[in-house]
Number of protein chains: 2
Amino acid sequence: MEKIKVAQFGLGPIGLECVRWILKKPTLELVGAIDIDPEKAGKPLSTLLGIKKLSGISVSPDLGKALKKSKPDVVLHTTQSSLEKVFPQIEAIVKAGINVISSTEELLIPELQHPLLARKIDQLAKKYNVTVLGTGVNPGFVMDTLPLCLSSMCLEIESIKVRRDLDAGKRRLPLQMKVGSCLTTEEFLNLKKEKKIGHVGLMESLDMILKGLGWVPDIIEETLDPVVADRNLETEYLKIMKGQVCGIKHCARALRNGKELVSLDLRMYVGAPESFDLIEIEGVPPIKARFMGGIQGDRATVAALINSIPRVLCADPGLLTMREIRLPMAFETLGV
Amino acid sequence: MEKIKVAQFGLGPIGLECVRWILKKPTLELVGAIDIDPEKAGKPLSTLLGIKKLSGISVSPDLGKALKKSKPDVVLHTTQSSLEKVFPQIEAIVKAGINVISSTEELLIPELQHPLLARKIDQLAKKYNVTVLGTGVNPGFVMDTLPLCLSSMCLEIESIKVRRDLDAGKRRLPLQMKVGSCLTTEEFLNLKKEKKIGHVGLMESLDMILKGLGWVPDIIEETLDPVVADRNLETEYLKIMKGQVCGIKHCARALRNGKELVSLDLRMYVGAPESFDLIEIEGVPPIKARFMGGIQGDRATVAALINSIPRVLCADPGLLTMREIRLPMAFETLGV
């Protein structure tokens, strides 16, 4: 069987973890690695991974050249959250006739905030006969794809509520920083004003559920608040003093006629007593699911990207969402 | 917008409930109702439904004539569990150029027990450019599609365990009878020998997970045991004496090198202290989900059938499984 050629674009923690798993999956072949960071450019990938041997793949800073040389079937794209910023990257990959699976949060439902860019990508993807998909664990699964999948068991639905609590203290440092650890409340609120803090993708998740179910709300609300430490906290990386920010509570709601249709409630903070995901569908029949420990972030995002490869390769061309590809599932899970 | 024309074939409790919901969904139009039961044939559907008016649809006992007259886009098929028995029905619908969504348990993974019939249906469906899909809550979702969907968050998987406990005492009489209520253990074991008792579809669910993940086990086990009442039990319909059978414990396992890959454990009995579904994936990352109250059977099966309509209408032609259609989700959930 011919292997699927994969190139990795973006070599941060998620991208490097993707590389590790591409190397492990028998039907995948890593053919290229791209990162624009001058610190990484030109280095052997093995150095970045901290492993000994890796058949001569070095980090290329030049996307165009790298794609031309490596001719991948698909690029795993893990660079930035903003579709505006990554648009030229996606455009270049698509124009090279290559499929894209991206962790860019805004790509989950790109037409929500960037309808023009979304249409451009969709047209290009169809022209070049490739598929572009945004995915991940959140956004991409826990607060959107999974509740939609569960809704398939319902005939009537009054409301969908998802709550995700995550103890940031047990996650890597970038996440602890991302949720505002050690800031003062004032600093947090200033960052909030500049839209430099908060979970990216919450409104995309909300929109994915609403559009998926064909629901048209008359009010959409978004709130972002700091969680303040009620005691001194200590993680592997940080000390947070009582009164400092230790995380975020980021919520989105859609209402119609005063009734809540969808509520997404995301709490990521150091010292959360329990990590869990809770999905509640009020409907016929009702569904209430609790995911003990929560679906774990970083590794699940890598899984979402890797496991989408076979799905994207047999999908229709265009800019698709998780609603338009076949049932997501794992493949080559080793251990067997 | 043009409505989707639907005919209902099979007017037992599930089929009648399908009819009720087809009538409620604005984009669906009920164009025919078929049942071979002479008791039902010719009767106005409204009589069977116990409602006053229903624009003149009567139950037809003749599938061919009914399809010719009503020209549906899709037939919801809820007649029997055995593919061998329903094959001529499916064949006739497909040859009329009409899509089929069926609750026939063996159709979930038809090639498992009837590879020749499966190939025939697939070839016919492709020839007549229609899609045939088997679905439901179990088999169809809780013990197969849903665990597979959750596996998409995993990079490595050691094992998948699903347990479904269901208090049959809270379900309709046919289910209480189906699980052997009031039988002696001896009667139960005789029925088991004749393959006349037990959940149909468990091996299909097991196979769907195994093939979905590409796992090849070296041992597959199936056990079916009676649950015996440890006290007198009473439901809305039945009295079960202590010592009589009150339900079933039906399990399927797949092992490789002595290690359990998949375990499905289904317990349906009167007096179960709690109904719930539990899905545990041992893997990277691990996933453990508990569905409080369980995903409720009959209504969820009707939902699975109805909600598959838009998915099947945009699917590739052929005999497909839940793995090959787009993410299942609800539509026209009213309440909004």
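1. Exposure of Asp218(A). In this predicted model, Asp218(A) counts as exposed because it has 10 C-beta neighbours inside 10 Å, and the cut-off for that class is 12 or fewer. The residue sits in the loop between helix 9 and strand 8 (219–228) of chain A. Once its neighbours within four places in sequence are left aside, Asp218(A) is in contact with Leu255(A) and Arg256(A). Asn257(A) stands 39 residues from Asp218(A) in sequence, yet their C-alpha atoms are 7.2 Å apart in space.

2. Backbone outliers with positive phi. Most residues other than glycine have a negative phi, and most peptide bonds are trans. Against that background, Cys182(A) deserves a look, since its phi is near 80°, a positive value in a residue other than glycine. Cys182(A) is found in the loop between helix 7 (173–178) and helix 8 (185–193) of chain A, and with 17 other C-beta atoms within 10 Å it is partly exposed. Glu332(A), which is not a glycine either, has a positive phi of about 45°. Glu332(A) belongs to the segment after strand 15 of chain A and is buried, having 20 other C-beta atoms within 10 Å, where the class of buried residues begins at 20.

3. Cis peptide bonds. In chain A the peptide bond from Val284(A) to Pro285(A) is cis, with omega near -10°, and Pro285(A) lies in the loop between strand 13 and strand 14 of chain A. In chain B the bond from Val284(B) to Pro285(B) is cis, with omega near -15°, and Pro285(B) is placed in the loop between strand 13 (276–284) and strand 14 of chain B.

4. The parallel sheet of chain A. Seven strands of chain A form an open sheet in the order 3-2-1-4-5-6-15, and the pairing is parallel. Strand 3 (59–60) and strand 15 (318–320) stand at the edges, each with a single partner strand, so one side of each is left without a neighbour in the sheet. Strand 15 of chain A is joined to strand 6 (residues 131–134) of chain A by 3 bridges in the parallel sense, and Leu319(A) in strand 15 is the bridge partner of Val132(A).

5. Helices lying across that sheet. Helix 5 (residues 115–127) of chain A lies across strand 6 and strand 15 of chain A, and runs at about 125° to strand 15. Helix 10 of chain A lies across strand 1 (4–9), strand 2 (28–34), strand 4 (74–77), strand 5 (99–102) and strand 6 of chain A, running at about 150° to strand 5.

6. The surroundings of strand 5 in chain B. In a regular strand the side chains alternate between the two faces of the sheet. For strand 5 (residues 99–102) of chain B both faces are covered, with Asn99(B) and Ile101(B) on one side and Val100(B) and Ser102(B) on the other, all of them buried. Strand 5 of chain B runs parallel to strand 4 (residues 74–77) of chain B, to which 4 bridges join it, and Asn99(B) is the bridge partner of Val74(B). Between these two strands the chain passes through helix 4 (residues 83–95) of chain B, and this β-α-β crossover is right-handed. Strand 5 of chain B also pairs with strand 6 (residues 131–134) of chain B, in the parallel sense over 3 bridges, and Ser102(B) has Gly134(B) as its bridge partner. With helix 5 (residues 115–127) of chain B, these strands 5 and 6 make a right-handed β-α-β unit.

7. Contact between the chains. The contact takes 54 residues from chain A and 54 residues from chain B. On the side of chain A that touches chain B, the elements that give two or more residues are helix 6 (145–151), strand 7 (156–167), helix 9 (202–213), strand 13 (276–284), strand 14 (287–292) and helix 10 (297–313). Helix 10 of chain A gives the most to this side, with 7 residues. By class, the side of chain A that touches chain B has 33 nonpolar, 11 polar and 10 charged residues. Strand 14 of chain A is joined to strand 14 (residues 287–292) of chain B by 3 bridges, and the two run antiparallel, with Ala289(B) as the bridge partner of Phe291(A).

8. Symmetry. A turn of 180° and a shift of 0.0 Å along the axis lay chain A on chain B with an RMSD of 0.0 Å, which is the relation of a two-fold axis. The same surface serves both copies, in that 100% of the contact residues of chain A recur in chain B. Among the residues of chain A, Arg326(A) comes closest to the rotation axis, at 2.0 Å for its C-alpha.

Definitions and conventions. Residues are numbered from 1 along each chain as its sequence is written. Chains are lettered from A and ligands numbered from 1 in the order in which they are written. This is a predicted model: local features need pLDDT of at least 70, side-chain atom pairs count only at pLDDT 80 or more; totals for chains, interfaces and linings use all residues. Two residues are in contact if their C-beta atoms, placed from the backbone, lie within 7 Å. Ala, Val, Leu, Ile, Met, Phe, Trp, Tyr, Cys and Pro count as nonpolar, Asp, Glu, Lys and Arg as charged, and the others, Gly among them, as polar. Two strands pair if DSSP finds at least two bridges between them. Axes are lines fitted to C-alpha atoms, for helices over the stretch in contact, and angles run from 0 to 180 degrees between N-to-C directions. Copies are superposed by least squares on the C-alpha atoms of residues with pLDDT of at least 70 in both. A crossover is right-handed if, with the strands pointing away from the viewer, the path from the first strand over the helix to the second runs clockwise.
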